[in-house]
Structure formats: C-alpha cells, structure tokens
Amino acid sequence: MIASVRGLVAAVSPDGAVIEVGGVGLAVHCAPGTLAGLRPGAEARLATSLVVREDSLTLYGFADDEEKHLFELLQTASGVGPRLAQAVLAVHSPETVRRAIATGDTATLTRVPGIGKKGAERLVLELRDRIGPVAVGTEESAGVLVGAWQEQVRQGLVGLGWTAAQADQAVAAVAETVDGTTPPVPVLLKQAIRLLGKTR
C-alpha cells in the first residue's frame, strides 16, 4: 500500500500529476483543489490511496490525510467507486461532505455530478454513523477564504501551464458568473480550465 509520496513535481495536467520519487515518475490522479497547490519543479507531499483492479493500479493523491480518509470512506458506500469519491472531493471540502452526511443534507450531496437523490440518501444512510465528529456552525469561518479564491484559482492555472495574463483573464470571467454564495475553489478552478480550454 502506498500511503503517501514525496518528491519533485515533474508535470501537472488537468486531472493529475507526475511525482518523481527516487528516479521513478508516479502518475497520481488528483482533484483540481489538490492540483492547485502543485508546481512543476517544486517538491510536494501527497497523501495517496492505491486502487487495485484486475487490469490496473491507480494512485489517487490528496493534499492531506483527511481528504484521503474521506475518499476511502466514501467508497465503502454501495455504488461509490474511486472516480465518484474523487468527484465528491472536487466539488466539496471534506468538512462540507462530513456535515452534509451527518445532517442528512442530500441537496448538498446532489451537487456532485453522478450523485442523484437516491444516491445521496444512500450515502447518508450508510455513512452517517461512521463519519466521525462534525463541527457545527463553521459556515462563517469557511467564508473567510471567499476573498482569496481568485488568487487560489490564478495560482492553480499558472501551475497547470497557462500564462499569468491568461489566468487573470479566466479569473475575471469566472468572477462575473459568481452571484451570491461563492462555490468551492475546485469548482471555480474547473470552470476557469473549461474557459481556457476554449481559447487554447
């Protein structure tokens, strides 16, 4: 079991990164929020989860152990595979997911592509007792990062190879679509990547 990797970031793509460990380049699948913190040529440490299939070995990487633990816990629910578990973490922070499951907030869970009402209800039913303690009333503290999303998205885009000017342009375009509650940074980053994909 590969629990974590530490090494130089050799490359970053929209859905993963290559981390060089002891001369070997490991392909690691990551959500946009994790990728935003990686810079080619810089050292990085990712908590990892190895998913073994008959025809493949796939390594999933996370910014911290909490994300990794939640990724693995989500897969214990029926009908949830690694891709769907990663999609959950691409849309919501671990704290948001835990709170949604603990409080039966299926509306939050159905914002994830691939999770319908029944799927969200199943997640709540199967994981509520195993999700662990959840902090209540942290919505306000989560809002502290709202003003910083532009810089996080900008850094993520530059890290993925776009120029600072292109990143600024995409951030400005995404900012125009934000109305009321600011979506999580990974969602905004995906939106910016889509916009830039059209202009490449």
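In this predicted model, the largest nonpolar core has 28 residues. Ile19, Leu38, Leu46, Trp149, Val153 and Leu157 have the most contacts inside it. Strands and helices both feed this core. Four strands each supply at least two of its residues: β1 (4-13), β2 (16-21), β3 (24-30) and β4 (43-53). So do three helices, namely α8 (149-159), α9 (164-177) and α10 (185-199). The largest share, six residues, comes from α10.

Val153 shows how these pieces meet. Leave aside its neighbours within four places in sequence, and valine 153 is in contact with Val171, Val185, Leu188, Leu189 and Ala192.

Another core lies apart from that one. This second core has 25 residues, and Leu70, Val91, Ala100 and Val112 are among them.

Next comes an annotation. The unreviewed UniProt entry carries the label "domain: Helix-hairpin-helix DNA-binding motif class" for residues 72-91 and 107-126. What is the helix content of residues 72-91? That span is 65% helix and 0% strand, with its end C-alpha atoms 16 Å apart. Residues 107-126 are 65% helix and 0% strand, and there the end C-alpha atoms lie 17 Å apart.

Now look at helix α2, residues 65-74, where glutamate 67 lies. Is glutamate 67 buried or exposed? Glutamate 67 is buried, yet it has no salt bridge. The nearest side chain of opposite charge belongs to arginine 45, 10 Å away. A salt bridge needs a side-chain nitrogen within 4 Å of a carboxyl oxygen. What does glutamate 67 touch beyond its neighbours within four places in sequence? Its contacts there are Thr34, Phe62, Leu89 and Pro94.

Aromatic rings come last. The structure holds two aromatic pairs. In one, the rings of tyrosine 60 and phenylalanine 71 have their centres 5.1 Å apart. Their planes meet at 40 degrees, so the pair is tilted. Why does this pair tie together parts that are eleven residues apart in sequence? Because tyrosine 60 lies in strand β5 (residues 56-62) and phenylalanine 71 in helix α2. Both tyrosine 60 and phenylalanine 71 are buried.

Phenylalanine 71 also pairs with phenylalanine 62. Here the distance is 4.7 Å centre to centre, with 50 degrees between the planes, and this pair is tilted. Phenylalanine 62 is buried, as is phenylalanine 71. Ring pairs thus link Tyr60, Phe62 and Phe71 into a cluster. Phe62 turns up in the earlier contact list too, touching glutamate 67.

Notes. Residues numbered from 1 in each chain as written. Predicted model: local features only at pLDDT ≥ 70, side-chain atom pairs only at ≥ 80, totals over all residues. Heavy atoms only, no water. Core = buried A, V, L, I, M, F, W, Y, C linked by side-chain atoms within 4.5 Å. Buried < 20%, exposed > 50% of the residue type's maximum accessible area, 1.4 Å probe, protein only. Contact = heavy atoms within 4.5 Å. UniProt positions renumbered as here; feature names shortened; annotations may be inferred. Lys, Arg positive; Asp, Glu negative; His and termini not counted. Phe/Tyr/Trp six-rings, centres within 6.5 Å; stacked < 30°, edge-to-face > 60°.
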